[in-house]
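Hi,

Here is the structure I promised to pass on. Have a look at it first, and my notes are underneath.

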Amino acid sequence: MDLEIQQRVKDLTEKYGAENIVVVLGGAEAEASGLSAETVSAGDPTFAGPLAGVALGLAVYHIVEPEIKEECDAAIYDEQCGMMEMVLEVDEIISEVKQIRDEYSKY
């Protein structure tokens, strides 16, 4: 997760409260999605950005997770994400993000 996005997440969390923020990721790889999930929940593991050492505890999901997919208009989801779902390692991504969420998310 780049430094600018980290700062935006931090600013929005300060403005609206961590309990009111849900981060939805869209990374194509499980490892990258896991790193982003860890960054917004436990703090930047690379200690390079604004969230270094800042455990926001945010709820974090990937767009392919059933909880998020169910909230989307089916036609729009299919148009925007359907093709990618066919080529992504969906189960690995879901497992990685869920593991981080279960361990670090407070909300």
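Let's start with helix 2: its 12 residues should span 16 Å at 1.5 Å a residue, and the end C-alpha atoms are indeed 16 Å apart, so the two agree. (The expected span is 1.5 Å times one less than the number of residues; helices are DSSP runs of H or I with at least four residues, strands are runs of E with at least two, both numbered from the N terminus.)

Before you read on, this is a predicted model, where local features need pLDDT of at least 70, side-chain atom pairs count only at pLDDT 80 or more, and totals for chains, interfaces and linings use all residues. Residues are numbered from 1 along each chain as its sequence is written, and side-chain values use heavy atoms, with hydrogens and water left out.

The buried residues of helix 2 (under 20% relative accessible area, 1.4 Å probe, protein chains only) include A30, G34, A37 and S41. They pack against helix 1 (3–16), strand 1, strand 2 and helix 5 (90–104), with contact meaning heavy atoms within 4.5 Å.

S41 is worth a click. It lies in helix 2, and at 1% relative accessibility it counts as buried. Its side chain reaches the backbone oxygen of A37 at 2.8 Å. Leaving aside neighbours within four places in sequence, S41 touches A55, L56, G57, L58, I100, Y104 and S105.

After helix 2 comes G43, with a positive phi near 110 degrees.

Cheers

Conventions
Buried < 20%, exposed > 50% of the residue type's maximum accessible area, 1.4 Å probe, protein only. Polar contact = N/O pair within 3.5 Å; in protein donor to acceptor, adjacent residues only side chain to side chain.
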